[in-house]
Amino acid sequence: MNAIKDLKIEDLLDDLRERAMQRIDELVKEGRKQARHAGGGHETTSLFSAFTIGILAGAIAGAAIALLMTPLSGKQAREKLSERVDKLRSDNADKVNWDSPSPSGNGKAAGSYEPDYTAPKPVI
């Protein structure tokens, strides 16, 4: 009879709450797993790996198609690009001087910002 008197109702209720919460967590996890399985779903890790494999397969397929469908070889493409650049330079020669430094004369791009900073002098 002393054991029953020494037993506190609050301790008993706390212990029951803790056990109930653990059991609820177990049941929720099990329910989620069953729902995922019933719906034809997969585990999170398998979804991530399937997504990654899909991205890689798409990238490889895209690269292969791009290489097969390119109308020019690399050398021809570089020659055509350099011809276009030369044409742009000649058409805009009167507007822009491509080989000289910026108008400010400091060798920096026009409109670039570089703050002037001088280190503070030490206090003696």
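**View 1. Arg-23 and Glu-26 share helix 2, sitting 3 residues apart, about one turn of the helix.** Welcome to this predicted model; this pair is a good place to begin. The side chains of Arg-23 and Glu-26 meet in a salt bridge, with 3.3 Å from N to O. How exposed is each partner of the pair? Arg-23 has 47% relative accessibility and counts as partly exposed. Glu-26 is partly exposed as well, its relative accessible area being 46%. Both values lie between the 20% and 50% cut-offs, which is why neither residue is called buried or exposed.

**View 2. Arg-17 and Asp-14 form another salt bridge of helix 2.** Here the closest N and O atoms are 3.0 Å apart. Along the sequence, Arg-17 and Asp-14 are separated by 3 residues, about one turn of the helix. Arg-17 is exposed because its relative accessible area of 52% is over the 50% cut-off. Asp-14, with a relative accessible area of 44%, is partly exposed.

**View 3. Five residues make a nonpolar patch on the surface.** You can find the patch by looking for Leu-7, Ile-9, Leu-12, Leu-13 and Leu-16. Together these residues have about 460 Å² of accessible area. Take Leu-16 as one of the members: its place is in helix 2. Leu-16 counts as partly exposed, because its relative accessibility is 45%, a value between the 20% and 50% cut-offs.

**View 4. Helix 2 runs through residues 9-38.** How far apart should the ends of a helix with 30 residues be, at 1.5 Å a residue? The expected span for helix 2 is 44 Å. In the model, the end C-alpha atoms of helix 2 are 42 Å apart, which agrees with that expectation. Follow the chain just past this helix and you meet Gly-40, which takes a positive phi of about 80 degrees.

**View 5. Asp-91 and Lys-87 form a salt bridge in helix 4.** Helix 4 covers residues 74-91. The two partners are 4 residues apart there, about one turn of the helix. Between Asp-91 and Lys-87, the closest N and O atoms are 3.2 Å apart. Is Lys-87 buried or exposed? At 53% relative accessibility, Lys-87 counts as exposed, because exposed begins over 50%. Asp-91 counts as partly exposed, with 45% relative accessibility.

**View 6. The protein chain has 4 helices and 0 strands.** After the close-ups, here is the setting they belong to. Reading along the sequence gives the pattern α-α-α-α. How much of the chain is buried? Buried residues make up 1% of the 124 residues. The accessible surface of the protein chain comes to about 12,000 Å². Carbon and sulfur atoms account for 61% of that surface. The salt bridge count comes to 4, and among them are Arg-23 with Glu-26, Arg-17 with Asp-14, and Asp-91 with Lys-87.

Notes
Residues numbered from 1 in each chain as written. Predicted model: local features only at pLDDT ≥ 70, side-chain atom pairs only at ≥ 80, totals over all residues. Heavy atoms only, no water. Helix = DSSP H or I, 4+ residues; strand = E, 2+ residues; numbered from the N terminus. Buried < 20%, exposed > 50% of the residue type's maximum accessible area, 1.4 Å probe, protein only. Areas by Shrake-Rupley, 256 points an atom, 1.4 Å probe, with all protein chains shown as cover. Expected span 1.5 Å × (residues − 1). Patch = residues over 30% accessible without salt bridge, like charges linked within 9 Å, V, L, I, M, F, W, Y side chains within 5 Å.
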